[in-house]
Amino acid sequence: MDIPLPPLPEVPLPPPVDIPLPPPAGIPPLPPLSGRPTVPRQKKQLPWLIPGTAVILAAGAGASFYLHTENKALEEQTARQEEHAEHLRKNTADLSEKRSFLLQKQNDAGKLNQSKLLKAEENARLLVTLQKKKKEVEQLRLQYKLLQAEQSAANKRIDALKQKLAEKARCKEAPRVHPINPPCLETDACLRQTAIAYLKARKQGNASALSRHFAPDCNYQYANNREVPNEMVMNNIRELWEKWPQRSYRLLKVAYRDNHVELIYIYKYADQRNHSIQGYAKEKWETNSAGQIIHWREELHPGTSPAESAGYRLVPLNIK
């Protein structure tokens, strides 16, 4: 930094007088003028020495002032530089601390990003595994459905074979000379009374009376058209009674041909909440020689009354 120096002061020179002056440093003292005769050359040099000495003194004073001013300026500049250096050291320390903090934040962010990347990779792997498992589950579901379809088809084939075997067994029975229900008035009256007693037992929930209408083993519609014990038939009918505790029937027709009997009636059911249903029903029986049902089927018609099968004898309902 260039510091402008003040101009040198103008020092007034003293008038030349003949007074003894102290000798300058490094200059030998002049001999005294009194007591000795003066040499003409010395008198000529004396006026020159006084101004020169004054000039030397003024130059020394100016140099001293210049050096003092320069030293003071240097001290001030040094103080400012030290203050600036201290400020720079503080800023450097602050910047170093901030840099350390930022580096720590950067490291933490790097670790967090790395953790996120690892989690993202793990999630991607889990997603791939989940998709594979879904495909495996879907394949197992398809296989299960195929097995169910095969099992259902097998059950149907087994039921069909059982029905064929039952028909063959019935065909192997000894031929009857007389039909079980010969078409006559006595048979009409008997079947009409049987139908009335059957519907009465259903209405009243009399399981003991109703079970006597079924043979010990009966091919029952609601047992997958299989031959089941009498108790299983009654259990199914009891479930109907529990669901519909209020029941009413009105007999419309009774028809028969040999041991095949048909009942056509109107039914009306109601539950505990007074929700009711009604419609027409047609029961088809096949009876044994004792008049018990060995084969039972049912058709429900909600809108119109069904007709008896062709070739069946219709029982007059006014028979007492």
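## Strand β1, an enclosed element

Of the 7 residues of β1, 5 are buried, so this strand is largely enclosed by the rest of the structure. The model is predicted. In it, β1 spans residues 214–220.

β1 has a partner on either hand in the sheet order, with β2 and β6 flanking it. It runs parallel to β6, and 3 bridges join the two. Here Phe-214 stands opposite Ile-293 of β6. β1 runs antiparallel to β2, and 4 bridges join that pair. Asp-217 has Pro-229 in β2 as its bridge partner. The hairpin of β1 and β2 has 5 residues between the strands. Asn-224 takes a positive phi near 60° in this hairpin.

## The overall plan

The protein has 320 residues, and buried residues make up 20% of them. Its secondary structure comes to 4 helices and 7 strands. Along the sequence, the pattern reads α-α-α-β-β-α-β-β-β-β-β.

Many contacts link distant parts of the chain. Take the contacts with a separation of 6 or more: residues 24 or more positions apart account for 58% of them. The accessible surface comes to about 24,100 Å². Carbon and sulfur atoms hold 58% of that surface.

## The sheet

The 7 strands form an open sheet. Their order is β2-β1-β6-β5-β4-β3-β7, and the pairing is mixed. The edge strands are β2 (226–229) and β7 (313–314), and each pairs on one side only.

Strands of a sheet pair through backbone hydrogen bonds, either parallel or antiparallel. β4 and β5 take the antiparallel sense, over 11 bridges. One residue to find there is Tyr-267, whose bridge partner in β5 is Gly-279.

## Helices against the sheet

α2 packs on the sheet. It touches β1, β3, β4, β5, β6 and β7. The direction of α2 makes about 160° with that of β3.

α4 packs on the sheet too, touching β1, β2, β3 and β4. Its direction makes about 70° with that of β1.

## The nonpolar core

The largest nonpolar core has 32 residues. Those with the most contacts inside it are Tyr-198, Leu-210, Phe-214, Ile-237, Tyr-265 and Trp-296. Helices and strands both contribute: α2, α3, β1, α4, β3, β4, β5 and β6 each give two or more residues.

Phe-214 brings several of these elements together. Leaving out residues up to four places away in sequence, Phe-214 touches Tyr-198, Asn-230, Val-233, Ile-237, Gln-292, Ile-293 and Trp-296. Tyr-198, Ile-237 and Trp-296 are also on the list of residues with the most contacts inside the core.

## Two buried polar residues

His-213 sits in the loop between α3 (207–211) and β1 (214–220). It counts as buried because its relative accessibility is 17%, under the 20% cut-off. Beyond its neighbours within four places in sequence, His-213 is in contact with Thr-194, Ala-197, Tyr-198, Gly-291, Gln-292 and Ile-293. Among these, Tyr-198, Gln-292 and Ile-293 also touch Phe-214.

Glu-286 lies in strand β5. At 11% relative accessibility, Glu-286 counts as buried as well. The C-alpha atoms of Glu-286 and Glu-262 are separated by 8.9 Å. Along the chain, these two residues are 24 residues apart.

Definitions and conventions. Residues numbered from 1 in each chain as written. Predicted model: local features only at pLDDT ≥ 70, side-chain atom pairs only at ≥ 80, totals over all residues. Heavy atoms only, no water. Buried < 20%, exposed > 50% of the residue type's maximum accessible area, 1.4 Å probe, protein only. Contact = heavy atoms within 4.5 Å. Areas by Shrake-Rupley, 256 points an atom, 1.4 Å probe, with all protein chains shown as cover. Core = buried A, V, L, I, M, F, W, Y, C linked by side-chain atoms within 4.5 Å. Pairing = 2+ DSSP bridges. Axes fitted to C-alpha atoms, helices over the stretch in contact; angles between N-to-C directions.
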